[in-house]
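I opened my notebook to look up how side chains gather inside this model and where open space remains. The entries follow in the order in which I looked.

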Amino acid sequence: MKSNNAALPSRRDLLRQGAAGAAALLPGGLALRALADEQSFGDAGKDEFFIFIHAAGGWDVTLWADPRNTRAGLVEPASTANTETGGVRLWKDETMDGDIHSFKLLQPSGSNLVFGPGIGGLLDFHDRLCVINGLAMNTVSHPDGITFSVTGRHLQGSRSLQPSINTAMANELGLAQTFPSVSLQFPSSYCGDHLDRRAVPLMIDRVGNIAGVLSRAPQYALDGDAMAVTALLSQEATALASRSAYGDVLRGMALQYRSLPGMLSPQMQNLFNDAKLRAAHPEFKYQARGMGPSAVNAAFALEAMKRNLVRCVSFALGGFDTHAGNYRQQAQLQQTMFDIVATLLRGLDTTPHPTKAGAKLSEHTHILIMSEFCRTPQINLGGGRDHYPNNSALVISPRFRGNRTFGRTDPDQVLPLATRKFSDEQRAITPPDLLATFVSAFGIAPRKYFREGEVVPELLTG
Amino acid sequence: MRAWGLAGLLGVAALCGHAGQAPAQGANPAAARTLDDYRHFRALSIDLLGRTPTRQELTDFERPDFKQEAWIDKRLTGPGYPERLARIYMDALRLEVGPAFAYTPASVILRRQLVKGPEGEELYVYYRQGQRRRRDVTDGEFCLSQAETGLSFPLAGIAVGESKPVPQQILDERTVVVRPWWLYRDFEAPHATVRLPTEGKNADPLFVPVDELLRDPDKSPTIEVRVCREEAQTADVGALFSSGRTPAPAKAPKPGAPTADLPRGRFRPYPADDAYAKAHVGDPISCRSAGALTMSADCGCGPGLRHCLPGDSGTNNPRAFSLPTRLPLGLDLPLGSTPQTVSDWYKFWWTQEAARFLGYLFSADRDFREVLAAHYSFVNGPLAAFYRTGAPASCCDREKAFGMIESTEPLFDPKALPTDLAPFDTRTWKMVPDRGAHAAGLVTMPVFLAKYASRRSRAAALYTTFLCRNFVAGKEELTPSQEPNLTVRPGCASCHATLEPLAAYFSRVEEANWTFLPAWRFPLRNLTCKKNAQGRLPGFCNVFYDGDFSDATAGVLRGAYASLDHAAAGAAGAAVALGDAPEFAACAVQRVTSSFLGRPLTSDDDDLLTALGSEFRRNGLRMRPLVRAILLSDAYRRSNNISSAIWRRGDHE
Amino acid sequence: MTTRLTAGSATALALALSACHRPPIAIAPTTVQPLLATAVIPQDTTPKEDVRLLAAEVYLRTYLQLFGGIPPVEAQQRARGNEGTALFDNWNDYLAALGFPDYRNDLPRSTQTNGLMMATFDRLGMALCARAAEHDLRDATPLPQRLLFAFANPPATPDRVAFAPAFDLLHRTFLGYPARLAPAGRTDAFFDVYRDIVARHADGKAPRTRLTPVQAGWMAVCLGLVRHPEFHTY
């Protein structure tokens, strides 16, 4: 609450004071230390970029991160009987049952990691991959799984109760950017009184739709006309907020008015132009089957980070919800998705960082790839796989250990197994743990954004 | 607070009929209006008209004789009101089918191939994939052979080879020309002449064949289309057909290449004669059943091809019509259109049926339980065509083993359809008072059944939307287990103990489909599908009967294990059960109140919800009195914080 | 690990244990002194609810109403005029940015503004206000046919007194209440912007636009109202 009486502390102020007071009471001043860490990392984080990818529909982890190529228990592996293998480059037949073949496991030389053929071009980057298996989802509902994976909390009613990871990172490290968080069909959520409205994700369905929105007709206004109006509106919003009992929305609008002039430049129109992005980044295979056209999202991420205009780019790559005969394309779809990521990594490797002299973008870009859950180990009557409460995730980040797998599943039913003693119990890793670990890698106190979850230091470098 | 009762909660003045009246009237009535009055009126306009007030409406509002309650009552019967309420439930159910679901039934889609005519001119020939023909070389294939066209179509209808002119005699033997329904209003006449306008003010913006369907290969306007002769047949009933050929060897040659193993001139093995058709050769079969395509050589697309949808290529899901990709303001105010596929045509109209149904439910102020239970619905031309031929086309390949060759008890009985709707008539909507015995509100509409394809997802969607409850598992560890019964399995039971019995209501509606499995064909406990000595079901039973819950005496219908009673009651039973649940009314009140107040509700709102709930129930679960009470409540009036009192204080401080 | 029993905890434990076994201790009531007030502040009784964003459907319907109550396709044609996409692209390009839900892809509606939404409001507002200024603020358009700027042609030289009633009309049109009920200073603030823009366009050195200085000034006022926080919230 923002009081009308300047002498009264605001509700937020009070909460802050309360939190500080409580922190001071904690043994060893843990919370204070976290705040101090946050401060010290806050500056360090301003040169970092984030890409969050949602593999929409629920992927089959047995085709890439947690590969299975033999029958065991409930497991009916991907095989020539249920999968179109023709276009899957890394599929090498391994005899399973007479004429039916599964795939050979892929173990890069000198690595402990083992993949299925869905990993596609990302296999070449195995030394950077931090694979999390046996991620306990406790849900097989799309909306709930999506929300749980990106916010660390299950839905309540149909509402998200916490910000999604991209919102958290934008709020923490991105407010000074022209676009703190661009969200392309990514399941972003923004909730919490402590967030800055500039961190509201820019929800976009297609990159190419935006160029027009950002263009202005010079034949109708002089330079400065719109600026004058925008300045007036920012003042109006601020004034209204100051007169309001609860002015967060209006204060947020004031901030957003102020950020508008930075968005309206020809440079921005090029950035959000589908054709120009494709021309600038021909290395992506936009014609690839399934999600090929969505590769433009990756091209956008690369271009926007190169120009230092964003902090977070989040997008969805979809089509994994293969309950029926469309499961035959699951391996191909995964290959297409991971090929996009591999191409993106190559681009990051060759692109100079916009603000750190001598550095490459890849040294400061952090990628998290998630899905809402995985698919059943058994093949259903329709030839597909249904929803299953296990999951895997992938982190590619200089702050996460590469060439590493964490977590595991049981051999017969592909269910998460307890892998570690957490403070509460011996249990499997969960999305809140992963998200907490991710934000902690940048010195951000996880509790600021996520009610649950525990940092898993084993995943982190240093 | 609780003791205040309804009057206190909703604003005493409102109930007394004063709250909406203008405050003290004076010489300058406009001056008497406070900022709060204006804001309240603006909010009412937004919620009841779907837009902010016009200058004229403001002027009317400022008149001394303005009666706010009367104004509200009038708008509650206007077009903005049902749209406002429908938005709440469309947001909750998201009733549009996503891109992963494509509906492309072979029996309904007329694909086309480009061949050369006698003079070498290019021409399109329309055909159905899988069409049975009496000529061996083209049985189940395009009606012109490779020898006749120079082309073959081994993969998804994509032509391979070098096209050569087809002699006129062959063309006339194998094909006919038709003036089809997508070009002519009087398509059923022997010589149709009345063109459907595709441009100008008489054109229907929601019936726009893609340009490729309106032009011949030389870009001239299409006057008539050439169709394979079998597809152009007009009979309603055909005879079951069997070629009598020897079945293909167990290891049939791979299709796509002419090998020595393939019959001469063919690129695929002969289509197998259906076992049922072989056993019943000559018996009648409805040409509107999907099986007619592969079990009869006498069935086509009907007069003017009215029972089929045209596509602009031979691909699996060809483009057909231009449609708005989104329709945020409803059918009457479409945005721009883009070319869409055949499957999108169906999906678009499925959504419109649900929207029309909700619109009626709210505008006629029906008992809200009808959202789940109503037998009535609404169709226009495209939907009538779908229910007549498109919907049955999803049946009955697997069902034949149980003696079901056509959908005998469809969720929407085609006999209930109006007979005077042409497939192109998008503007005329007609009420169908009773879709059939198994119909149940939104629950049995294709859009719901396709969007929520599995029994469990259907149950979960209803549970969440209409009981405001969620399935969120506890933190119980999910350990490997052989227990197939999820209602008791550790780690699953916390959700599935509720979900499985609810899902059982959908046991008789196929997953990813709308085919109803009648009890006389598919008993819940089927003695024929009992387990054998090896503990297995007969092979043909597996699709419909669940080995995990069957025994040596009977097979149990899939999905029914958690509650045979629920399975017997069907989707309509779910509607009754949910509608009677105490949470149903409370959930409706909660959803609508939260939407109109524009915020999530908290425990502070409990008393308000209780009062509104009483009002809702007292009025027979009709929404209009509920919404009226919300609009007149103090909570609605103060549902944002910019108060004129605060402003004035701020201005003077 | 060893457990040390501190004096304090031992006492507490002893008290707890003893409390289990002894009869309850009777404690006589004593008079409690009222707490001293350290400050007196007014109780905050204002409702604690934030303003709501207009549903995208409401925005779109209102926009069409302001455009003359025409269907979206026609509004798109008029907004584009014969200038291609200079002022307007097509509706489908704006739907996601305006916050419409995408049921097909299960994307919920946006209930909060973001920078891109603001840019879209600006883009759409510009199209509306520019076309309205072109149409309404010219001699050839009789007063009854003026849709948005439904007032007589304003004087070429900005005049604060003449500005007020015209602004009030627009204020009512967009924000739904008279300008006199707005926070003090709003009319003046808008007049200042109007005056500056008219002056800038009237400057012979300025690039020429398709609008007269007066049209440009009123277009800016219109833009300020159609993008106003109060227009988008309720």
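**Entry 1: one methionine and its core**

I began with B:Met623, which, leaving out residues up to four places away in sequence, is in contact (heavy atoms within 4.5 Å) with B:Tyr81, B:Leu85, B:Tyr89, B:Phe362, B:Asp365, B:Phe368, B:Ala588, B:Val592 and B:Phe616. I noted that this is a predicted model, where local features need pLDDT of at least 70 and side-chain atom pairs count only at pLDDT 80 or more, while totals for chains, interfaces and linings use all residues. Residues are numbered from 1 along each chain as its sequence is written, chains are lettered from A in the order in which they are written, and side-chain values use heavy atoms, without hydrogens and water.

Next I looked up the largest nonpolar core, a core being a set of buried (under 20% relative accessible area, 1.4 Å probe, protein chains only) Ala, Val, Leu, Ile, Met, Phe, Trp, Tyr and Cys residues joined through side-chain atoms within 4.5 Å. It has 302 residues, and those touching the most other members are A:Leu122, B:Trp350, B:Phe368, B:Met623, C:Phe174 and C:Trp218. Helix α5 (residues 115–136) of chain C, a DSSP run (H or I, at least four residues) numbered from the N terminus, gives the most to this core, with 13 residues. I also found a second, separate core of 37 residues, with A:Phe50, A:Phe186, A:Tyr190 and A:Val439 among them.

**Entry 2: a lining**

Which helix gives the most to the lining of the second largest pocket? I found α13(B), with ten residues.

Note on methods. Helix = DSSP H or I, 4+ residues; strand = E, 2+ residues; numbered from the N terminus. Buried < 20%, exposed > 50% of the residue type's maximum accessible area, 1.4 Å probe, protein only.
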